[in-house]
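Reader: Please take me through the interior of this model in some detail, beginning with any enclosed empty space and then moving on to what is buried and what ties the parts together.

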Amino acid sequence: AGPVAMEIVGLCCLLALIFLYFLWIRYIYRQKRSRGRGGRPEPGTSALLVIAHPDDECMFFAPALLRLGARRLPVRLLCLSTGNFYNQGEVRKKELVQSCAVLGIPSSSVTILDHRDLPDHPKVRWDPELIALLILDYITMHNINLVMTFDKNGVSGHANHAAVYYAVRKLWSVRKLPNGKNFWLVHLKMWHISKPLLITLGNLVILGYLPLML
């Protein structure tokens, strides 16, 4: 009877540990859920979406922008070109402003650059150093502490998209961001829809699929 009793005791201990683990997981889940239902971000929180061309905002980031809007988080958009590859830059600029209005970003929070060294072209490699300077100026000017952009492959493989990622990544890696910022680099991977990816590197948080994480 001795060995049998020991097995029963061991089994009971194992079941108790499993039950406690279940309670712990449920507690964490409810805590995160209650914080998520708070509706309002922390005071002073401001987000920035950095894109390469008009229409990037709706093609790749619409779910994220709508989710941030539902959380009442102020969002600004910085577009690094007019998208003039087919000589339709002026039309695309207007379309971008209209698209942002639908996604909850007012025209006053939309900035579109037309830099001669950042042409809309899939075969032109943009200079990450230049992009980094432009983004840093914008972050400093508008007190940004959450940044969204493409992943290292530019989501669609576009060279201009990838350059934006490397520029923002460089800002973080060389510690050129303003002191005291709780800075997040958020990039979207289209294939992480059902199972989000979360990587944490110090103060750098990379969310694979933003709509599921907020």
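Author: A cavity here is a set of grid points where a 1.4 Å probe fits but cannot get out. The model is a predicted one, and a search of the whole structure finds 2 cavities of 30 Å³ or more. The largest cavity has a volume of about 60 Å³, and its lining is made up of Glu129, Ala132, Leu133, Lys170, Leu171, Val174 and Lys176. Two helices, α5 (128-142) and α7 (159-173), each supply at least two of these lining residues, with α5 giving the largest share, 3 residues. By character, the lining divides into 4 nonpolar residues, no polar ones and 3 charged ones.

Turning from empty space to buried chain, strand β4 (residues 146-150) has 5 of its 5 residues buried, so this strand is largely enclosed by the rest of the structure. Strand β1 (residues 47-51) runs parallel to β4 and is joined to it by 3 bridges; alanine 47, for example, has leucine 146 in β4 as its bridge partner.

The charged contacts come next, and the search for them returns 4 salt bridges over the whole structure. In one of them, arginine 92 pairs with aspartate 55, the closest N and O atoms being 2.8 Å apart. Because arginine 92 lies in helix α4 (residues 89-102) while aspartate 55 sits in the loop between β1 and α2 (56-60), this pair ties together parts that are 37 residues apart in sequence. Arginine 92 has 16% relative accessibility and therefore counts as buried, since the cut-off for that class is under 20%; aspartate 55, at 29%, counts as partly exposed.

Arginine 92 also forms a salt bridge with aspartate 120, where the closest N and O atoms are 3.5 Å apart. This second pair links distant parts of the chain, with arginine 92 in helix α4 and aspartate 120 in the loop between β3 (110-112) and α5, 28 residues apart. Both of these residues, arginine 92 and aspartate 120, are buried. Through shared partners, the salt bridges join Asp55, Arg92 and Asp120 into one network.

For a contact within one helix, look at glutamate 90 and lysine 93, which form a salt bridge with their closest N and O atoms 3.5 Å apart. Both lie in helix α4, 3 residues apart, or about one turn of the helix. Glutamate 90 is exposed, with a relative accessible area of 53%, whereas lysine 93, at 26% relative accessibility, counts as partly exposed.

Conventions:
Residues numbered from 1 in each chain as written. Predicted model: local features only at pLDDT ≥ 70, side-chain atom pairs only at ≥ 80, totals over all residues. Heavy atoms only, no water. 1 Å grid on protein atoms, 1.4 Å probe; cavity = no way out; pocket = protein on both sides within 12 Å on 5 of 7 lines; lining within 4 Å. Points joined across faces, edges and corners; volume = space filled by probe spheres on them. Helix = DSSP H or I, 4+ residues; strand = E, 2+ residues; numbered from the N terminus. Nonpolar A, V, L, I, M, F, W, Y, C, P; charged D, E, K, R; others polar. Buried < 20%, exposed > 50% of the residue type's maximum accessible area, 1.4 Å probe, protein only. Pairing = 2+ DSSP bridges. Salt bridge = Lys/Arg side-chain N within 4 Å of Asp/Glu carboxyl O.
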